[in-house]
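Biologist: I would like a close look at one part of this model, and then a plain account of how that part sits in the rest of the chain.

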Amino acid sequence: TCAILLLMYGQSIYQDHVGVNIISLGNSFLRYTLPLLPFIALSAGYAYEKIRVKSVLGLCIFFLSAYGAYYALIQSDEGIFANMQHLKENQSTLIRAQNILPKNALIVTDRSDKIFFPLFKVASPVPDVQQIKKAQQKGFDIYYFGSPNITLPLTPIFQSGNNTIWHIEFSP
């Protein structure tokens, strides 16, 4: 299993994080190799038992562990505290969307589909203009969630953090 995970995801050709070439838990190649951690811990313990200068290695392990905990909790934009804040913002966005958007809303977005699904129909990534027009002709009320860097007829509905819910409506 470890060899397959390293061969498949260890090559780091997968760029599924918003930031290009950023190594984080947002990248599948790192996230899916996490099952290797118990084996790495066992190897470190074995090395600790075999090394003669245990105090130096013990200090290194302590400081690396403390830094890892600090990074996981506080420093990283994917740390636990940052994720708690993002979850609160996403929940607020969903509640506002439920109160404002109609039941037949179709939300198109590049990366935020998990905020709205399953309460709304969601398309991700953003479909091409012809597909959006077809969905509008079928009776869907179409909205875009993101920053306004796409060329569609957008009318702002409400803002949530750095993103906005925009209504998309083509002239008949």
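Where is I150 found, in terms of the strands of the chain? Please start from there and work outwards.

Modeller: This is a predicted model, and what follows is computed from its atoms. I150 sits in the loop that runs between β3 and β4. The residue is partly exposed, because its relative accessible area is 23% and the cut-off for a buried residue is under 20%. Its C-alpha atom is 9.4 Å from that of V126, a residue 24 places away along the chain.

To place this loop, take the chain as a whole. The protein chain has 7 helices and 5 strands. Read from the N terminus, the order is α-α-α-α-α-β-α-β-α-β-β-β. Of its 172 residues, 25% count as buried. Among contacts between residues at least 6 apart in sequence, 37% join residues at least 24 apart.

Now take the strand on the N-terminal side of the loop. In β3, 5 of the 6 residues are buried, so the strand is mostly covered. β3 pairs with two strands, β1 and β5. With β1 the pairing is parallel and has 5 bridges. Within that pairing, A105 has D141 as its bridge partner, and L106 has I142. With β5 the pairing is antiparallel, also described by 5 bridges. There Y144 stands opposite W166.

β1 itself is more fully enclosed by its surroundings than a partly covered strand would be: all 5 of its 5 residues are buried, so the rest of the structure largely encloses it. In a regular strand, side chains alternate between the two faces of the sheet. In β1 both faces are covered, with A105, I107 and T109 buried on one side and L106 and V108 buried on the other. β1 also runs parallel to β2 (residues 121–123), to which 3 bridges join it. In that pairing, I107 has V122 of β2 as its bridge partner.

On the C-terminal side of the loop comes β4, residues 154–160, which pairs with β5, residues 163–168, in the antiparallel sense over 6 bridges. One of the bridges in this pairing joins Q159 to T164 of β5. The two strands form a hairpin with 2 residues between them, and G161 in the turn has a positive phi of about 65°. S160 belongs to β4. It counts as buried because its relative accessibility is 15%, below the 20% limit. Apart from neighbours within four places in sequence, S160 is in contact with E89, T93 and F145.

Several of these strands also feed the nonpolar interior. The largest nonpolar core has 12 residues, among them A105 and I107, Y143 and F145, and F158 and I165. The elements that give two or more residues to this core are α5 (80–100), β1 (105–109), α6 (113–116) and β3 (141–146). A second, separate core has 11 residues, including I132, Y144, W166 and F170. Y144 and W166, the pair that stand opposite each other across β3 and β5, thus both belong to that second core. In the largest core, A97 is a member, and leaving aside neighbours within four places in sequence, A97 is in contact with F116, F120 and F158.

α5 also takes part in a patch on the outside. A nonpolar surface patch of about 790 Å² is made by Y67, Y70, Y71, L73, I74, I80, F81 and M84. α4 (54–75) and α5 each supply at least two of its residues, and α4 gives the most, with 5. M84 is the residue to look at in α5; it is partly exposed, because its relative accessible area is 41%. For the chain overall, the accessible surface comes to about 12,000 Å², of which 62% belongs to carbon and sulfur atoms.

To return to the starting point: I150 is in the loop between β3 and β4. β3, on one side of that loop, is mostly covered, and β4, on the other side, forms a hairpin with β5.

Notes. Residues numbered from 1 in each chain as written. Predicted model: local features only at pLDDT ≥ 70, side-chain atom pairs only at ≥ 80, totals over all residues. Heavy atoms only, no water. Core = buried A, V, L, I, M, F, W, Y, C linked by side-chain atoms within 4.5 Å. Buried < 20%, exposed > 50% of the residue type's maximum accessible area, 1.4 Å probe, protein only. Helix = DSSP H or I, 4+ residues; strand = E, 2+ residues; numbered from the N terminus. Contact = heavy atoms within 4.5 Å. Areas by Shrake-Rupley, 256 points an atom, 1.4 Å probe, with all protein chains shown as cover. Patch = residues over 30% accessible without salt bridge, like charges linked within 9 Å, V, L, I, M, F, W, Y side chains within 5 Å. Salt bridge = Lys/Arg side-chain N within 4 Å of Asp/Glu carboxyl O. Pairing = 2+ DSSP bridges.
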